[in-house]
Structures are given as C-alpha cells and as structure tokens.
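Okay, thanks everyone for coming. I'd like to walk you through the pockets, one cavity, a bit of sheet and some charged pairs, so have a look at this first.

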Amino acid sequence: MSETVTDQRTVSGVSIRLEGVTKRYPGQRTPAVDSVDLEIAAGETVMFVGPSGCGKTTLLKMLNRLIEPSGGKIFLGDEDVTGQDPDRLRRRIGYVIQAGGLFPHMTVGTNVGLVPGMLGWDRARIAERTDELLDLVGLDPEVYRDRYPKELSGGQQQRVGVARALAADPPVLLMDEPFGAVDPITRQRLQDELLRIQEELGKTIVFVTHDFDEAVKLGDKIVVFDVGARVVQYDTPEAILAEPAEDYVADFVGAGATLKQLTLTRVSDTELHTPVTAAVGEDSAAVVARAEEAGERYVVVVDGRGRPVSWPSVAELSRTTSVPGTRDDRLPVVGLRSTLNDALDTMLAASQGGVVVTGRRDAVAGVLVVEQVMAAIQSTRSEVRG
Ligand SMILES: Nc1ncnc2c1ncn2[C@@H]1O[C@H](COP(=O)(O)OP(=O)(O)O)[C@@H](O)[C@H]1O
Ligand SMILES: [Mg+2]
C-alpha cells in the first residue's frame, strides 16, 4: 500500500464517492436508501448517525456489496466499483461488526490470517502479519495467537475483529456499531485504540454508531441521516455541535452542550504532568530517592516497553526492596486521543484522582489529574456563558 504524508498525517486510505445510491427492498413502498450522494475524503473517519431504521447499515453494506444497490454508482478513488466482483472488492474493504464476528472454531491467529490466506500468501508471511496485527491492537501474540474466541473477553474479541479486518491492509474499513456490545469502560479503551491505530495507518473509515458522543470522539466528520438515508447534515463534530442544521439534529445532539464540549477536548490538548517512572525490578530505595527529590508522592511503574504496570505511592514502594512487576488491572489509563469526558469517567470508575496517559504503542506519555479536568470544565462554562 502506498502511503503519503500530509500535515504529518499518514494516509493509506482512498476516497469514496456515492452518486445517487439507492436501495429498494422487495415489497417496500419507499426505498431504504433513497438516491444518496456523498463524498468521503481519503484517510478520514466518517461517522454515520441517525435514527434506527434510517438506512445506515444498508448504505454501509452497499459499499462492500454485501447488499446489491438498486441504483447509483460507487467509486473507490477514481475507480467505479459498482460492477466489480464483490469478492475482489471485499479484499480491499475491511469489515468489522459487533462482537468481532469471529469464527468460534478457529484460533485467534487463524481468524486474523483468513484474508491473507485467501490472497495466497505463504505461511511464514501470514504468521508474521498475524503477530504484527495482534501487537497493533494491543494483544500479545505469544499469549493470544492460539486461543479460541470464547476464551477472550468481549473487548479482546473486538480487538481481534479489528486485526482481522486490517489483515490485508485494505484502504477502507467499514465498522457497523462495532463497540455496541461491550461495557462503557471497555468501549472507551477500544475507541482509544482505534484512534491510535488510525493515527498510525490513516485508513478511510466509515463507522455507524447510535452514540453521538462516540461520533464526536472518533469522527473527522459526522453524517446525520434521516429516513431513507437522507443526508441532513455532513460536517465536522465541532460545526454540528455549534450549529445543528435542523431541530431534529439539535435533539439528537442533545442537551448538556457544556459536557459535550468536554468530548471535543482531547487529553493531548491539555498540559500533562510528567511523572517519576520506575522500571520493574529496579532498586526501590533509588526510586524513592528520585521521587522525593522531584517532590512526587506517586511513581508510575513501567514494563520493558515503557507501558504502565502500576501506580504505587512512594510510601508503598518504600516497603519493598525492588520495584514489583505486579500488573494493576484496575489502573486508570487513557490514551492521548481520549477525550476529557473519558478521562473523567475513568477516574470516577477507578475512584482515583488521576489517570495515567499513554501515547504511541501504549507507552506512558504523562499523568492527568482531576483538577485539570475541572479547570477545563470551568473554562468551557465561562466561554459558553460569556
Ligand atoms: N433485508 C431486508 N429486507 C427488507 N427490508 C429491510 C432489510 N434490511 C433492512 N430493511 C429495512 O430497511 C430500512 C433501513 O434499515 P437499516 O439499513 O438496517 O437501518 P439502520 O442501520 O439505520 O438501523 C428499515 O426500514 C429496515 O426495516
Ligand atoms: Mg444498523
């Protein structure tokens, strides 16, 4: 896949153009999708929102021809793919559905390697690609490669689903309410992962959701649809929040615009605190001395790749001889592209006054404390009032 870098942003996706795309299901009086025109730029994430039954899924499935259009044209880049063999087309378009859509009788590795296998890659190349992708979605290949889907949590299955969709490096990724079936905290982590992956890869992503906050968080653009997949508004999240095109959109966007603004502020937009870190196995006394010199009461313990393991107090560490490697499963962690809303949720869920922030490849990028989030709320409040 050729890659171009514009504005420091990697783009490996292609543009998508719809011209008069229509779907009439047999026996329906009105089309489910009624002559839709839409252009999606290469490398952008575009979110489809709108009421249930308005045609989002139908429109999405026409893009990879799981549903055959009744009329209109679909282009990938400059290429008219309307008449293209659907099997060939689907190798260029990754597809992610709820719960990952994994084959239960195949291992994680086999699931991820499916499309490369169909493309005739040799075994060594498939194995290498599978491990690379599991790593990309935050699953250790050594641990997960040979497991079966039922041995994984919902969130882990969803990660495998994303890895599988990316296996043949398709320029386009279609996602239909992929995170709808997981709990809120897992959903937030998966969203963060997707943002991180997208920053690295720059695919063209079309993502259906019923959650407007998710649309604001993940989308470069949002399409608000009404019945028949009529495009009511197509704009950036900021523009839609500021000026909803119709009352119906305003209702959908919902009340609590101040808190919605928190969804527009990324953790990376705030000034992060740089914590004292310690490597697993390091001499505790040395770490305690370092923390005291820096005036810090907490230390972030990191593994060999700089990823957070735990967040003990200096007092706790001083009771040990070497820094313990025990992973704290409840450690509050958010990604740099997380919203302040997520950060606040994570702090509340963990009953901690702060979160560890991770950046590239999940390495520690800093720490965010609740006071900073509060300050941000206060400043957006005064902006809205003023
Ligand atoms: N296979 C089908 N046969 C007939 N009607 C369908 C079929 N799939 C969806 N529909 C209808 O088409 C409309 C759009 O459905 P859908 O695309 O699933 O909407 P959404 O994803 O926005 O909820 C709905 O009225 C739905 O009942
Ligand atoms: Mg749907």
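Let's start with who builds the wall of the largest pocket: helix 5 (123–136), helix 6 (141–144), helix 7 (154–166), helix 8 (184–201), strand 15 (308–310), strand 16 (333–335) and helix 15 (340–350) each put in at least two lining residues. Before I go on, this is a predicted model, where local features need pLDDT of at least 70, side-chain atom pairs count only at pLDDT 80 or more, and totals for chains, interfaces and linings use all residues. Residues are numbered from 1 along each chain as its sequence is written, chains are lettered from A and ligands numbered from 1 in the order in which they are written, and side-chain values use heavy atoms, with hydrogens and water left out.

Helices here are DSSP runs of H or I with at least four residues, strands are runs of E with at least two, and both are numbered from the N terminus. For pockets we use a 1 Å grid over the protein atoms alone: a pocket is an open set of points with protein on both sides within 12 Å along at least five of seven lines, a cavity is a set where a 1.4 Å probe fits but cannot get out, and lining residues have an atom within 4 Å of a point. Points join across faces, edges and corners, and the volume is the space filled by probe spheres set on them.

So, that largest pocket comes to about 1,500 Å³. It has 45 lining residues, with Gly138, Arg159, Arg189, Glu193 and Asp362 nearest its centre. Which element gives the most to this lining? That's helix 8, with 9 residues. By class we get 16 nonpolar, 9 polar and 20 charged (nonpolar is Ala, Val, Leu, Ile, Met, Phe, Trp, Tyr, Cys and Pro; charged is Asp, Glu, Lys and Arg; the others, Gly among them, are polar). The pocket lies between domain 1 (4–256) and domain 2 (268–380), because both give residues to the lining; those bounds come from an automatic or database domain assignment.

Now the cavity. The search of the whole structure turns up 1 of 30 Å³ or more, and its volume is about 50 Å³. Arg159 and Glu193 show up again here, alongside Val137, Val162, Phe179, Leu190, Leu194 and Ile197. Helix 8 is again the top contributor, with 4 residues.

Over to strand 11, residues 221–226. Of its 6 residues, 5 are buried, meaning under 20% relative accessible area with a 1.4 Å probe and protein chains only; exposed is over 50%, partly exposed in between. Strand 11 runs parallel to strand 5 (residues 45–49), over 4 bridges, and antiparallel to strand 12 (residues 230–235), over 5; pairing takes at least two DSSP bridges. Val224 partners Val49 on one side and Gln233 in strand 12. The hairpin of strands 11 and 12 has 3 residues between them, with Gly228 at a positive phi of about 80 degrees.

Last, charges. There are 23 salt bridges, each a side-chain nitrogen of Lys or Arg within 4 Å of a carboxyl oxygen of Asp or Glu. Lys221 meets Glu44 at 3.1 Å, N to O; Lys221 sits in strand 11 and Glu44 in the loop between strand 4 (33–40) and strand 5, 177 residues apart. Arg337 pairs with Glu199 at 3.2 Å.
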